[in-house]
Amino acid sequence: MQQVEMVSLEDLIPENHNYRKFVKLWSFDYVEKQLKKLEKDNPFKGYGLLRLFKCLLLQFMENISDRELERFIQENNSAKWFCHFNLSEKTPDHTVFCKMRTRIGTKLLSKIFSQLRDQLKKQGLMSEVFTFVDATHLIAKANLWEERDRAIADKYEKLNNENISKFSTDKQAKIGCKGKNKYWYGYKQHTSVDMQTGLINKVAVTPANVTDSSGFKHACPSQGACYLDKGYCVNPAPRIAKGKGIHLAAIKKNNMKGKNRDQDRWYSGVRSPYERVFSQRERRVRYRGIAKNQFAAFMQAICFNLKRIIVLNPPNICFS
């Protein structure tokens with residue numbers, strides 16, 4: 001015997017669900033305004049860019065692939081509700097998400113991230129008085145054994161950053177080094193975190209051979225003091241900080257003149273709570289090229305900030 005029951009998707013989502021909190025927190029008005037600029041010349045609206053943008057937001061929120069996202073939206077009622085799909089409505093397949101990322105592009109997403117960050121500043125959740133800056137390594141989606149064999153066949157003795165782009169499928173990835181014996185092939189992500197609330201202020205992706213000190217210009221705040229590790233105690237980071245009027249609280253290397261171990265130990269203690277921002281970052285990237293990985297970095301930063309604001313639970317906060 002079959003029974004028919006009228007069900008509302010709205011009633012199936014718990015009141016305390018995080019997706020409900022995200023919707024109350026962020027109205028997506030600015031995002032919708034920016035995405036409409038992409039739709040104006042396209043008479044075929046399809047699913048709608050705002051719905052697909054929310055799908056991508058869930059992808060980075062849950063850290064899943066395109067195919068996993070396709071199934072996630074099909075099977076999860078909360079995901080359907082968040083992305084404005086009906087219970088029986090057809091949802092996008094995995095090929096749509098790749099096209100959507102390309103269509104939005106890194107430039108437009110950077111505007112969305114910057115606008116959200118500016119609203120955080122206006123509402124007092126980000127002050128740039130004290131900032132934590134650090135870099136983390138990202139391993140490229142490539143197999144260097146095949147590249148090495150091709151290099152040997154072309155009479156090269158070894159792979160290095162001068163010749164690796166001739167053989168690698170990821171032309172913008174480079175070989176990076178940390179310390180004396182830690183090497184990786186890929187990229188480096190430079191991130192600044194506001195120490196008042198633990199929210200991400202700036203994020204940038206560079207090739208792995210860019211030093212922490214050289215990448216500081218991408219994550220440097222506009223004011224205040226920066227707490228940094230030993231990689232930032234040498235130029236150009238001190239020169240960049242001086243040019244912006246920023247106090248550089250960097251741990252000095254053991255062989256540097258004027259090293260104060262007590263002060264450096266205190267710096268380490270101040271920095272340690274904010275290392276959690278990097279502990280959640282997936283080290284192996286899904287995409288090739290700086291632009292695609294920068295897109296992923298912006299989306300991850302947006303998702304991290306939304307989750308962090310829910311934890312902070314400030315009163316009467318809403319973003320457009």
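**Reading the charge and fold of a predicted chain**

Guide: The chain of this predicted model has 13 helices and six strands.

Visitor: What box do the C-alpha atoms of the chain fill along the principal axes?

Guide: Along those axes, the C-alpha atoms occupy a box of roughly 80 × 60 × 45 Å.

Visitor: How many of the residues count as buried?

Guide: The chain has 320 residues, of which 48% count as buried. As for the surface, the chain exposes about 17,300 Å², and carbon and sulfur atoms supply 50% of that area.

Visitor: Which share of the contacts joins residues at least 24 apart?

Guide: One takes the contacts between residues at least 6 apart in sequence; in this chain, 65% of them join residues at least 24 apart.

Visitor: How should the charges of the chain be read, and where do their mean positions lie?

Guide: One compares the mean position of the positive charges with that of the negative charges. Here there are 56 positive and 32 negative charges, and the two mean positions are 7 Å apart.

Visitor: Which residues gather in a patch of positive charge on the surface?

Guide: A patch of this kind joins like charges within 9 Å. In this chain, Lys33, Lys37, Lys107 and Lys111 form such a positive patch on the surface. Two elements, α3 (29-39) and α7 (94-122), each give two or more residues to the patch.

Visitor: In which helix does Lys33 lie, and is Lys33 buried or exposed?

Guide: Lys33 belongs to helix α3. Its relative accessible area is 55%, so Lys33 is exposed, the cut-off for that class being over 50%.

Terms used:
Residues numbered from 1 in each chain as written. Predicted model: local features only at pLDDT ≥ 70, side-chain atom pairs only at ≥ 80, totals over all residues. Heavy atoms only, no water. Patch = residues over 30% accessible without salt bridge, like charges linked within 9 Å, V, L, I, M, F, W, Y side chains within 5 Å. Areas by Shrake-Rupley, 256 points an atom, 1.4 Å probe, with all protein chains shown as cover. Salt bridge = Lys/Arg side-chain N within 4 Å of Asp/Glu carboxyl O. Lys, Arg positive; Asp, Glu negative; His and termini not counted. Charge placed at Lys NZ, Arg CZ, Asp CG, Glu CD. Helix = DSSP H or I, 4+ residues; strand = E, 2+ residues; numbered from the N terminus. Buried < 20%, exposed > 50% of the residue type's maximum accessible area, 1.4 Å probe, protein only. Contact = heavy atoms within 4.5 Å.
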